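Here's a quick walk through the fold, strand by strand and helix by helix. Have the viewer open as you read.

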Amino acid sequence: MGQRTGVAIVGAGAWGTALAAVIARLGRDVRLWGRRPELIRRMRCDMRNPEYLSDHALPAGIQPFTDLAEAVDGVDIIIVVPASHGMRTTAEALRPHYHPRTPVISATKGLEPHTDLRMTQVLGEVLGIVDRPELLSLSGPNFAVEIMAGLPAGTVVASRDESVARMVQELINGPQLRIYTSDDLVGVELGGALKNVYAI
């Protein structure tokens, strides 16, 4: 068996927990960081997220963390999953610990309130990697409860450099969550942010 790939998920809500589960099922080591120590303590004890998707046990390979520096140290990719209004605060917390050239993926749909910036724009601005290919977005018609339950789904990972998107695809693509790639970063993000508006 090859070397296990380390993935950090920054955000232990429903979507972050579901992503951690589906990636851990591939045999990856997943570090799941949450802002609230009591929630992380309960996750460590019970191996389930008591507030989100509590009916599902966390698979082996997930390590809950309260220390963000430890959670992202030495990992191969970072997936950032806060609510859209919290992306800037989360990025600011990540900035002192972020290693340049590490792919960092926004898995958050929406635009920043008051600025209307896309999530990768916020990440790029705070981390100092604006327009860099290692800044990606993951977006699709995905529901956390379905992903956690093991139902098949598809999603897109986008980067300005599709070779970087393909590299990430190889790390997290699997039989349950099929990853497609795109170099249309703006289109993928705006599609995710505006889909409900279009549907209405």
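## The β6-β7-β8 end

This is a predicted model. A good place to start is strand β6 (residues 135-139), which runs antiparallel to strand β7 (residues 153-158), with three bridges joining the two. If you want a spot to zoom in on, L138 has V157 in β7 as its bridge partner.

On to the next pairing: β7 and strand β8 (residues 177-182) run parallel and are joined by six bridges. Here T155 sits opposite I179 in β8. To get from β7 to β8, the chain goes through helix α7 (residues 162-172), making a right-handed β-α-β crossover.

## The whole sheet

Zooming out, these strands belong to an open sheet of eight, ordered β3-β2-β1-β4-β5-β6-β7-β8, and the pairing is mixed. The edges are β3 (62-65) and β8, each of which pairs on one side only. On average, neighbouring strands in the sheet are turned by 25 degrees against each other, ignoring direction.

Over at the β3 edge, strand β2 (residues 29-33) runs parallel to β3, and four bridges join them. W33 is found opposite F65 in β3. As for what holds such pairs together, strands of a sheet pair through backbone hydrogen bonds, in either parallel or antiparallel fashion.

## Helices on the sheet

How many of the eleven residues of helix α1 (residues 14-24) are buried? Ten of them are, so the helix is largely enclosed by the rest of the structure. The buried set is W15, G16, T17, A18, L19, A20, A21, V22, I23 and A24. Helix α1 lies across β1 (6-10), β2, β3, β4 (77-80), β6 and β8, and runs at about 170 degrees to β2.

Helix α2 (residues 37-46) also gets a place on the sheet: it lies across β2 and β3, running at about 150 degrees to β3.

## Where α4 meets α5

Now for a helix-helix contact. The axes of helix α4 (residues 87-94) and helix α5 (residues 119-127) come within 9 Å and cross at roughly 30 degrees. The crossing of α4 past α5 is right-handed.

Which residues meet here? From α4 you have M87, R88, A91, E92 and L94, and from α5 they meet M119, V122, L123, E125, V126 and L127. Sorted by class, the contact has eight nonpolar residues, three charged ones and no polar ones. When you look at the spacing, keep in mind that an α-helix has 3.6 residues a turn, so residues three or four places apart point the same way.

Conventions: Residues are numbered from 1 along each chain as its sequence is written. This is a predicted model: local features need pLDDT of at least 70, side-chain atom pairs count only at pLDDT 80 or more; totals for chains, interfaces and linings use all residues. Side-chain values use heavy atoms; hydrogens and water are left out. Two strands pair if DSSP finds at least two bridges between them. A crossover is right-handed if, with the strands pointing away from the viewer, the path from the first strand over the helix to the second runs clockwise. Buried means under 20% relative accessible area, exposed over 50%, partly exposed in between (1.4 Å probe, protein chains only). Axes are lines fitted to C-alpha atoms, for helices over the stretch in contact, and angles run from 0 to 180 degrees between N-to-C directions. A crossing is left-handed if the near helix is turned anticlockwise from the far one by less than a right angle, and right-handed if clockwise. Contact means heavy atoms within 4.5 Å. Ala, Val, Leu, Ile, Met, Phe, Trp, Tyr, Cys and Pro count as nonpolar, Asp, Glu, Lys and Arg as charged, and the others, Gly among them, as polar.
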